[in-house]
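Reader: I am new to this structure and would like a close look at a single part of it, the pairing of two strands and the aromatic rings around them. Could you take me through that part slowly and explain each term as it comes up?

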Amino acid sequence: VNGDFDGRWTFKNTGTRTWETSEVDFVYVSGTKFQTNVDSLDLPKQVKPGESVEIIIDMVAPKDAGNYQATWSFKQGSISFCAVSILITTK
């Protein structure tokens with residue numbers, strides 16, 4: 001409860017287009033705001049088809065015990081793709 005942690009994910013580009021750092025962001029969409037500093041991140045590197053990228057976000061667990069959920073997604077312009085749901089249970 002109320003502890004700091006890193007949200008850490010590795011994503012693989014299984015598509016046919018390169019994810020450019022200047023074009024694709026990882027963005028908070030809805031739910032509990034676990035993140036402490038940002039609601040949107042630029043990709044840390046270009047990700048070609050078949051390559052992977054690690055995303056790390058500073059987060060804090062909710063103060064009260066319970067189940068919490070948040071959704072993040074990759075976004076290019078107005079198009080969202082690869083939505084990610086985060087479920088946290090605090091005791």
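Author: **Two paired strands and their rings**

Strand β2 (residues 24-31) and strand β5 (residues 66-76) run antiparallel and are joined by seven bridges; strands here are DSSP runs of E with at least two residues, numbered from the N terminus, and two of them pair if DSSP finds at least two bridges between them. One of the residues involved is aspartate 25, whose bridge partner in β5 is lysine 75. This is a predicted model, in which local features need pLDDT of at least 70 and side-chain atom pairs count only at pLDDT 80 or more, while totals for chains, interfaces and linings use all residues. Residues are numbered from 1 along each chain as its sequence is written, and side-chain values use heavy atoms, with hydrogens and water left out.

The two strands belong to an open sheet of four strands, ordered β3-β2-β5-β6 with antiparallel pairing. At its edges lie β3 (40-42) and β6 (79-90), each of which pairs on one side only.

Turning to the rings, those of Phe, Tyr and Trp (its six-membered ring) pair if their centres lie within 6.5 Å, and planes under 30 degrees apart count as stacked, over 60 as edge-to-face and the rest as tilted. By this rule there are nine aromatic pairs. In one of them, the ring centres of tryptophan 9 and phenylalanine 26 are 6.0 Å apart and the planes stand at 55 degrees, so the pair is tilted. This pair links distant parts of the chain, since tryptophan 9 is in strand β1 (residues 4-12) and phenylalanine 26 is in strand β2, 17 residues apart.

Tryptophan 9 is buried at a relative accessible area of 18%, and phenylalanine 26 is buried at 1%, where buried means under 20% relative accessible area, exposed over 50% and partly exposed in between (1.4 Å probe, protein chains only). Phenylalanine 26 also pairs with phenylalanine 74, with ring centres 5.0 Å apart and planes at 50 degrees, so this pair is tilted. Because phenylalanine 26 lies in strand β2 and phenylalanine 74 in strand β5, the pair ties together parts that are 48 residues apart in sequence.

Ring pairs link a cluster that includes Trp9, Phe26 and Phe74. The largest nonpolar core, a set of buried Ala, Val, Leu, Ile, Met, Phe, Trp, Tyr and Cys residues joined through side-chain atoms within 4.5 Å, has 21 residues, and Trp9 and Phe26 are among those with the most contacts inside it.
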